[in-house]
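Student: I have a structure to go through and I want to know how its labels are earned. Can we take them one at a time?

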Amino acid sequence: MQFWQDSQFGDRMITLMAALVLVLQITMVTQRWLITNIRAFALQSFLLACIATTIAYYNAAPHIYIAAVFMLLVKVILLPFVFERLVRRIEIRREIEPLINAPISVIIAGLLTLLAYVVAESFHRPDEPMGPASLGHNTLAVAIALFLIGFFMMVNRRKALTQVLALLSLENGIFLAAISLTYGMPMIVEVGIFFDVLVGAMVLAILVYRIRETFDSMDVSRLSRLKG
Amino acid sequence: MTIIILLSIPLLACGLTALVRTRQWMETIHLVSACGSFAAAVFLAGEVLRQGSVSMGNGFLYADHLSALVAVLTSFVYLVCAPYAVGYFRRDMADKILAPTVDDAACLGKLRMYYTLTPLFGFCMFLVVVANNLGVMWIAVEGTTLASIFLVTFYGRPTSLEAAWKYAMIGGVGLSMALFGTVLTYYSAHQALGGDSVSALNWSVLVLQASHFDKTVMRLAFILILLGFGTKAGLAPMHTWKPDAYSEAPIPVAALMAAAVLNCAIYGLARFYVLTVLCLGPAFASNLLILFGLLSVGVAVPFILVQRSSRRLLAYSSIDHGGIMVLGLGFGGALGALGMLLHMTFHSVAKPLLFFCVGNAQQHTKSDSLQKGAGGLIHALPITAPILLLGALAVTGTPPFSMFQSEFMVLRAGFAGHYTRASIVLVACLVAIFCGFFHHVAQLVLGPPQAVPREVICKWKTYPVIGLSLLVIGMAFWLPAPVYQLVDGAARILAVPR
C-alpha cells in the first residue's frame, strides 16, 4: 500500500488544507489591497476544491468530484477573473477601508474561530468511529469559522465589491460544511447552488458597476438616503 | 403533468418576450401567461383536492394541499398584477419616466426587462412551492431574489440602487444562513435515512423519519432556517430591506413581493417547522416563532404611526402581517395553522389592492408623501380613493372584513395555547397599527383637497382595483367551499400532532 492510500494521510491532508483555508480567511480580514483580496479568495476556493477532491477520493464518493470541478470553474477561475476586470474597469485606486483597524479585526476573527470550535464541539460524537464526525471535527469548526468571519467582514467593510467577496467567502464556509459533514449535498442541489452563486455574483458585479457609475464611489456608506 | 405546465408557462413567457419586438406583443404574452399560470394552479389545486397529493418524476416535484394553496395564491397575485402592469407602464411611458421620449428603443428595453424578469420571478416562486427537495426549494428562493434585484432597480434612480443593494446584501446573507440550515437538516437526517442521496432531502421522505433526526443539529438548523427564510419574509430584525425595496420598485413588483414572495418564504419556513416539531417537540420552534412574530408586529407599530410615505406604510404593514402569520404558526395547533393560512389567503387579496390604489394615487399626484398638503384624493380620484379607504379597513382587520376573522383565529389559538402574554401584546400592537394606518389613509383620502385635476380613467389600472375590491367585500361574507377545503387540508399538514 502506498502512503497516499492510507486514510490517515487523507485526514491529515484535509486538516492541513482546512487550516490553510482559515489562515487565508484571516488574511482577507487584514489585507488592504483589493486585488490581493480577490486572489486570496481564489486561492481559498482552490484549496476547498482540493479538499473536496481528497474527500471524494478517500470515501469513494464520485459526485463530490463534480462539486470540486464546479468550484474550480466558478470560484477559482471565472469569478476572480470577472472581479479583477471589474476592478480595472472602474479604476479603484484606493485600498479597502475597514471600519475597525487590522489588529482588533484579527482579535475578533480569533474570537469567532474560538466560538466556531465551541459550536462544532456539540456535533462531535467520539463513539462513532465512522462517518463525518471522525473526519469532520476540525473541518466543521473551520467551516463555521469561515461563516462567522465572513459575516464580520461584511459588516466591517464599506466598499461594495469587498462586501461581495465577504459574502462569497461566507458561502465557501457552507460548502466546506456540506462536504465535510455529509460528503456533499445531492447532485442536483449542488449544481443548483453553484448556478445560483454564479448568477448572484454576476448580478452583484453589475450592481457594483452601476453604483460606481451613479455615485462615483463604491463606498456603501453613501447609500443612506432611504430612512424610516 | 399539471405541475410541469404550471412551471413551463412562465418560462415560456420569459423566452418569448425576449424574442418579440413590439410592446403590444409583450403585453399580450404577459397577460396570456398570467391567465395560463392561474388556470394551471387552479387545476393543480383541483387535482390535489381529488387525490390528496400529486407528485412527478420520482417525487422530485410534489404538491400537497399546502403547496397547492400557496401556488394558487401566488398565481392569483401574478394574475391581478398583469393587467395592472400594462396600464401602469403605459402611464409611465406617457409621463416620460421610462425614457425621455415616448416608445423609443430605451423605453422598449426597460419594458422588455420587466416583461422577461417578472415571469422568471413567477417561475421561481412556483418552483418554491412544488419542489419536494428542500435544497431545490432553497435554490428557487434564492432565484426569486436574483430575478427581482433588477426589478427593484427598474427606475435607475440613485435611491433604487441603494434599495437594491440592501435587498441583495441582506437577502444574500439571510439566504446563506438558510442554506447552512438546509445543509444541517440534511446532516441530521443523514444518519436516520442512511446513504440514499437522491431522495434524502425530499420533504415527503423526511417528514416520515423526522422523529429520528439528530436533535442537537436540528435545533441549530431551525435557528438558521428561521433567520434565513425570516429575512426573505421580512421578519424583524431582518426587515430593513423591505421598506426600501417596496418604495423603489414599480408597483406591480412591489405587490408581487409583498403578497407572493412573503407567502413563499413563510411556506418554506412552515415546511421546516413541521420537521422541527416532529423532531424536537413543539415548544422550541413555537417559542422562537412567537418571539420573531411579536418582534415584527412590534417593530411595525412606531414606523406605521409616524410614517411619511404611503408605500413605506404598506411595507411596514406587510412586515406586520408576516409577523401575524408567523405567530399563527407559532401558537400552533389546528386553530393556529388554520388562522395563519386564512390570513395568508386574505392578505394575498387585500395587499395587491392597496398597492394598486397607492400606485394609482402616486402616478396621478406624482408623490407618495403622507405629509401635509397630500390629501383629499377623493376629489381627484373618485374611484381609487374610496377603494383605498376600504382596502385600509380590510387590511387592518376591521370587521366585517375577512382579515378580522383570521386575526381573531390567531388570537384564539394564542389563548388556547396558553400564550396569554404574547396574545395580549399582539392585540395591543394590532390596535395601535389600526390607529396609525387608518389615520394616514383617512388623511390621504379625505383631507383638504390638493390642486390636482380629476383623473382620466384608465381601464387597465381601474378594473383590477374594482375587481379586487369586490373580491375583498365578497370574501368578508363567503369563502368558496373548495378554497376552504384547500386551506383546511393545508392546516392539517401544519398542525402536527402533539
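The student asks about labels, and the tutor sets values against definitions.

Tutor: This is a predicted model, in which local features need pLDDT of at least 70 and side-chain atom pairs count only at pLDDT 80 or more, while totals for chains, interfaces and linings use all residues. Residues are numbered from 1 along each chain as its sequence is written, and chains are lettered from A and ligands numbered from 1 in the order in which they are written.

Student: What makes up the secondary structure of chain A?

Tutor: Chain A has seven helices and zero strands. Helices (H or I, at least four residues) and strands (E, at least two) are DSSP runs, numbered from the N terminus.

Student: Why is chain A called as compact as a globular protein of that length?

Tutor: The globule rule is 2.2 Å times the number of residues to the power 0.38, and the radius of gyration is taken over C-alpha atoms. For 228 residues the rule gives 17 Å, and chain A has 18 Å, which is close, so the description holds. The C-alpha trace of chain A spans about 60 × 35 × 35 Å along its principal axes.

Student: Why are α2(A) and α6(A) called roughly parallel?

Tutor: Helix α2 (residues 34-58) of chain A and helix α6 (residues 160-182) of chain A have axes that cross at roughly 10 degrees and come within 11 Å. Axes are lines fitted to C-alpha atoms, for helices over the stretch in contact, and angles run from 0 to 180 degrees between N-to-C directions. Angles under 35 degrees count as roughly parallel, over 145 as roughly antiparallel, 65 to 115 as roughly perpendicular and the rest as oblique. The label roughly parallel therefore fits α2(A) and α6(A).

Student: Which classes of residue make the contact of α2(A) with α6(A)?

Tutor: That contact has 13 nonpolar, six polar and no charged residues. Ala, Val, Leu, Ile, Met, Phe, Trp, Tyr, Cys and Pro count as nonpolar, Asp, Glu, Lys and Arg as charged, and the others, Gly among them, as polar.

Student: How are α1(B) and α2(B) placed, roughly parallel or roughly antiparallel?

Tutor: Helix α1 (residues 2-19) of chain B and helix α2 (residues 23-51) of chain B pack at about 170 degrees, with axes 8 Å apart. They are therefore roughly antiparallel. Their contact has 13 nonpolar, six polar and one charged residues.

Student: How many residues does each chain bring to the contact between the chains?

Tutor: Chain A brings 35 residues and chain B 36, where contact means that C-beta atoms, placed from the backbone, lie within 7 Å. On the side of chain A that touches chain B, α7(A) gives the most, with 14 residues. That side divides into 24 nonpolar, seven polar and four charged residues.

Student: Why is Gln405(B) called partly exposed?

Tutor: A residue is buried if 20 or more other C-beta atoms lie within 10 Å of its own, exposed if 12 or fewer, and partly exposed in between; these atoms are placed from the backbone. Gln405(B) has 19 such neighbours, so it counts as partly exposed. Gln405(B) is in helix α16 (residues 402-416) of chain B.

Student: Why is α15(B) said to be largely enclosed?

Tutor: Of its 12 residues, 10 are buried, so α15(B) is largely enclosed by the rest of the structure. Among those buried are Ile387(B) and Leu390(B).

Definitions and conventions: Two residues are in contact if their C-beta atoms, placed from the backbone, lie within 7 Å.
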